[in-house]
Amino acid sequence: MTSGSAPTEKSSPENPSAENSSPIRLGALEQQVMDLLWDDGPLTVRQIIEASEADPAYTTIATVLTNLERKHLVQRERRGRSVFHTPIISREEHAATLMQKALVNGGDRAASILHFVEGIGAEDVELLRNYLDSKGERG
């Protein structure tokens, strides 16, 4: 999903299987690698190492990418002699999934939503209001 587009429902009463799956949590290095992939697009292991602030070992990044593949967040694509790694879901989709899981695990879903909305800024409230208004106009 790109910024500004309508969010997709990953879990809902109509899609209970999504609610029952575990959230995809990322370790610190996994998060750094995903941030690079989300920001820069498909990258090789060597390009990830060069873009990293630290100087991780090649095998460390290769292992992280294998773990991200296992979590269905990254896919490999061979281009000539190089292997590029591409995120399968967007940063926004990943964040939305984490929020959905937090609501499921939060107990009182309505109370959690209200507390969340109370904690966001006026700009985000306006964004949410505009989205809900446009969704109401469509049906």
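1. Let's start with one residue, L68. Setting aside neighbours within four places in sequence, L68 is in contact with L26, E30, V33, M34, L73 and V74. Please keep in mind, here and below, that this is a predicted model.

2. L68 also leads us to the largest nonpolar core, which has 17 residues. The members that touch the most other members are V33, M34, L37, I48, L65 and L68. Two of these, V33 and M34, have already appeared among the contacts of L68. Three elements give two or more residues to this core: helix 2 (28-40), helix 3 (45-51) and helix 4 (58-70). Helix 2 makes the greatest contribution, with five residues. As background, nonpolar side chains in soluble globular proteins tend to be buried together.

3. Now a step back to the whole chain. There are seven helices and two strands, and from the N terminus on the order is α-α-α-α-β-β-α-α-α. In other words, four helices precede the two strands, and three helices follow them.

4. How much of the chain counts as buried? Of its 139 residues, 27% do. The accessible surface comes to about 9,300 Å², and carbon and sulfur atoms account for 53% of that. On contacts, if you take those between residues at least 6 apart in sequence, 51% join residues at least 24 apart.

5. Further along the chain, have a look at helix 5 (residues 91-105) and helix 6 (residues 109-119). Their axes come within 8 Å and cross at roughly 130 degrees. An angle between 115 and 145 degrees counts as oblique, and helix 5 and helix 6 are therefore oblique to each other.

6. Which residues meet where helix 5 and helix 6 are in contact? From helix 5 come M99, Q100, L103 and V104, and from helix 6 come R109, S112, I113 and F116. Sorted by class, this contact has five nonpolar, two polar and one charged residues.

7. Last, a residue in a loop. A57 lies between helix 3 and helix 4, two of the elements that give residues to the core in point 2. Is A57 buried, partly exposed or exposed? Its relative accessible area is 38%, and because partly exposed covers values from 20% to 50%, A57 is partly exposed. If you would like a distance to check on screen, A57 and R46 are eleven residues apart in sequence and 9.7 Å apart in space, C-alpha to C-alpha.

Conventions: Residues are numbered from 1 along each chain as its sequence is written. This is a predicted model: local features need pLDDT of at least 70, side-chain atom pairs count only at pLDDT 80 or more; totals for chains, interfaces and linings use all residues. Side-chain values use heavy atoms; hydrogens and water are left out. A nonpolar core is a set of buried Ala, Val, Leu, Ile, Met, Phe, Trp, Tyr and Cys residues joined through side-chain atoms within 4.5 Å. Buried means under 20% relative accessible area, exposed over 50%, partly exposed in between (1.4 Å probe, protein chains only). Contact means heavy atoms within 4.5 Å. Accessible areas come from the Shrake-Rupley method with a 1.4 Å probe; for residues, only the protein chains shown count as cover. Axes are lines fitted to C-alpha atoms, for helices over the stretch in contact, and angles run from 0 to 180 degrees between N-to-C directions. Angles under 35 degrees count as roughly parallel, over 145 as roughly antiparallel, 65 to 115 as roughly perpendicular and the rest as oblique. Ala, Val, Leu, Ile, Met, Phe, Trp, Tyr, Cys and Pro count as nonpolar, Asp, Glu, Lys and Arg as charged, and the others, Gly among them, as polar.
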